[in-house]
Every structure is written in structure tokens, then in C-alpha cells.
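Here's a quick tour of how this chain is packed, with a stop at some of its backbone oddities. Have a look at the fold before reading on.

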Amino acid sequence: MENKKKKKSVYSGYIVMVLTLWVIDGGIEGRQVGVLEKLEKPSSGFSKSYNSIYDTSKYGIFQLNNGLALTPQMGWNSWNFFACSISEDLIKETADALVSTGLADLGYVYVNIDDCWSTATRNLKGQLVPDPKTFPSGIKALSDYVHGKGLKLGIYGDAGAFTCQVRPGSLFHETGDAQLFADWGVDYLKYDNCFNLGIDPKKRYPPMRDALNATGRTIFYSICEWGVEDPALWARGVGNSWRTTDDINDTWASMTTIADINDKWASHAGPGGWNDPDMLEVGNGGMTYQEYRAHFSIWALMKAPLLIGCDVRNMTAETLEILSNKEVISVNQGEFLSLLLPFIPSSLLPCLQPSQAFLCLLTRCPGRKVWAGPLSGNRLVVAFWNRCSKDETITARWEVLGLESSTHVSIRDLWQHKEVKDNAVASFGAKVDSHDCHVYIFTPKTVAHSES
């Protein structure tokens, strides 16, 4: 009984805090939370340039407050590897594989069916119909199977007259389609942008948000608008994630280009709504092991959704190693979030998407890049990304990272899973293979003197 009273007291305290902040800031939509507006650099070891390097001016803006996406979504999607060659058996086997490989335990819980699941026309009632050849048992039975594995089922729709593969779209059918998805037990909707009749996306996407909310079922809303109208600027109150780029393909050039585009919108992402540079290509065969490791590293640092796009039933050991790196995943998922009570509005939590215009070190090879961003516990995540065609030594100086030059830093390599430096001072460098990426956690320890 005493423990219950203590818990009740804690909950009451949080409720009072949340309501106070809410009243002070005058509402939800587009408002910044006062405590985050006053976010200051850590008191020890960080330089005066810290705040100018790590832009937190938009952190804490309220996102779509449906209780989802406190961290970027994780799971699997059928499109990158299978395209239209999908079936209910494939979805079931994929769910089985996510569990048997341990990926589900790491957070990959959404099993998302992409385009081509439905027939070419609606039925006489105007409803979407699962293809009887490939999904003969229907989506509800499939949803029950996936849920029985402790996972969640996602489905695909389009904010146009047709999907990209010319199945029925949901434009002007939002209410009925959303209710159908809810009745089937769907947990996630990827909502595409094909055959959109030239209608402004800012008008086409909110109706499905409203329709999903009206069903009473909590459904993750993934906006796939391709970044055409810069959704990072308007979609935070509409969806739980928004595509910032065109489709990815399984090449180094595509992956790096998309990473650069997505970086522009770093400060607009946060709990409840995330920038989406498209799904992972790791394991699909078009890039090297080093390139896939870089791909996964940068997506994790960008707080991008981690949606596997390969055939998880037939992964190589190297692919599984990359996708199951717990330390890199923890950077993406923000391990500190789990310490907060679930009813606190997600926008009270700071977005921590590392980026800062790449913090590019101007050397003879312009592809040598250092990405960095703040983490909880006065730590930094730092990535050395070698985009050059040969091995290079990359060095980060403390002043570039917002640290005082005298700060002693402990450095942990998240791919080697070990401490590589106990007391680094002023700078740190490492040799990085061509097209590879090293990811480190920098933990400042002591400083020789404090700021004046």
C-alpha cells in the first residue's frame, strides 16, 4: 500500500509539472516548451560555442501527440527487396524470422506490408479488398498472427486516386479506409503520394490523420510525401514521421545523397514526429559491408526510422551483425527516454538528431566528415565517416565538437564494443577504411580549469 501511495505521489507531481508547462506555453500546436527553450550547455567540459554548434532552437516543439513515436520506429518493410512479390506466407515467415533472430527483442516490431496487397478495384461497398491470390486469409487473420508473435502489423495506402502500383488509393475514402484498417487490427499506415491529382499535400494528408484518430485505434501514421513540399516544416502535427527525400536505392550514391538531403531538416525532428530518409538497404547486396555499416550508422545518428528492407529469412551473418548492434541502436532510440513516465507529453523531451551541417573537416579529401550530436548524461555521439575512395585518417578537434580543449574524454567505439581511449585531450583521430564509418561515444571526465 505504501508503494502505491508513493507511485501516486510521483504521478501527481509529473501531472502538475506537465499541466503547468502547458499553461505557461499557451497550448500545444507549434509551441515550444519553456524548459527546453532555456536548454543550456552542460556546465563542465563544454565550450562557449556548444549551443551554436548544436542547434536546439526547435527542439521540444509539440509533434503529433497520439502517444506513438517517442523514439523513431523500428521494424521491417517489404518493398526494397520484394516489391510486389508479396504474400501472407511471406509476412508470416518474416514475423517468425524477426523473432527467431532476436531482432524483435531489439525493437524491430513493425512488420509492414507495402504496395500490391490489394486488388485492382474496390468492392461493391467501396471497400479495399486484399488480393485473394496472395492474401487469401485476409488482413485481419494476418494481423492476429503477427500480434500473436508480439509484433505489430503495418499496411500501405496512398493519398491519391491510386497507389504507385495502381491499386486503389484512399483520397476521398479516408474515413472508410481508416475504419477498415482499424477493424483489421492494423498498427501502422505508410501513406504514399502517387496519383495525387495535383492537390496540395498539406490538404491531402490531414484527413487521414483525422480519420485514423476517429477510429479509436492508435495507428502509427507514416507520411510518404517524398519531401516534395518540405514536410518537416508542416507535418509535425499531422504524422508520426515524414519522408524528407525521394526513394532510396541500393547504391552508395543514393544512400549518401539522401543522407545529405535529410540532414537539412535535423532540428525539425523530435519525439512524436521524425524525419524519414527512407528504409534501410542493409543486406540487399548493392553495397559493401563497410558501406552498409556506414548506412546503418548514419541512419541511427540521424534518428531516422530503422526499417529493415532485406529478406530477414535469409540474412548473412554480416547483415545480422550490423542490424543487431545494440549500442548503435541505443543512439537511435535514445535510451534515456525509457526513464520517463509514458504520460508525459512527448514534446517535453529534446530531439537529439546529430547533424550540425556535417561538421566537415576541411582537408584535401572533402569526403572526410565528422558528425556529432548531444546525448544524455553530458555525452556526445561522434561519427567519423570516410566518403573518400581510399583509407583516410580522420581527426576531430575539441573546439569543433563544442568541448574545451583541456577536457579529458573517455571514448568508446560502438562497432568494436570497447573503450579505445581513456583520457583523450584536445583531439582524437582514427584511420577509417574507404566508405566506412566509426561511431563513438565521447564522455567528458574532467577539465583542467573552468570557464572564466
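Helices (H or I, at least four residues) and strands (E, at least two) are DSSP runs here, numbered from the N terminus. This is a predicted model, where local features need pLDDT of at least 70, side-chain atom pairs count only at pLDDT 80 or more, and totals for chains, interfaces and linings use all residues. Residues are numbered from 1 along each chain as its sequence is written, and side-chain values use heavy atoms, with hydrogens and water left out.

Let's begin with helix H13 (residues 326–333), since 6 of its 8 residues are buried, so the rest of the structure largely encloses it. Buried means under 20% relative accessible area, exposed means over 50%, and partly exposed is in between (1.4 Å probe, protein chains only). The buried ones are Glu 327, Val 328, Ile 329, Val 331, Asn 332 and Gln 333. At the N-terminal end of H13, Asn 325 acts as the cap, with a side-chain oxygen 3.0 Å from the backbone nitrogen of Glu 327. After H13 comes Gly 334, with a positive phi near 65 degrees.

Ile 329 also turns up among the contacts (heavy atoms within 4.5 Å) of Tyr 108, which touches Leu 98, Phe 296 and Leu 323 too, among others, leaving out residues up to four places away in sequence. Tyr 108 belongs to the largest nonpolar core, which has 85 residues. Such a core is a set of buried Ala, Val, Leu, Ile, Met, Phe, Trp, Tyr and Cys residues joined through side-chain atoms within 4.5 Å. Helix H11 (residues 289–301) gives the most to this core, with 8 residues. Apart from it lies another core, of 22 residues, including Tyr 54 and Phe 428.

Next, a helix pair: the axes (lines fitted to C-alpha atoms over the stretch in contact, with angles from 0 to 180 degrees between N-to-C directions) of H5 (residues 88–100) and H6 (residues 138–148) come within 10 Å and cross at roughly 10 degrees. That makes H5 roughly parallel to H6, a label for angles under 35 degrees. Ile 91 and Ala 95 are among the H5 residues that meet H6, whose side includes Leu 142 and Tyr 145.

Finally, most residues other than glycine have a negative phi. Here are two with a positive value:

| Residue | Phi | Loop | Relative accessible area |
|---|---|---|---|
| Asp 278 | near 90 degrees | between strand S7 (274–276) and H11 | 4%, buried |
| Asn 378 | near 60 degrees | between strand S9 (368–375) and strand S10 (379–386) | 38%, partly exposed |

Key: Polar contact = N/O pair within 3.5 Å; in protein donor to acceptor, adjacent residues only side chain to side chain. Parallel < 35°, antiparallel > 145°, perpendicular 65-115°, else oblique.
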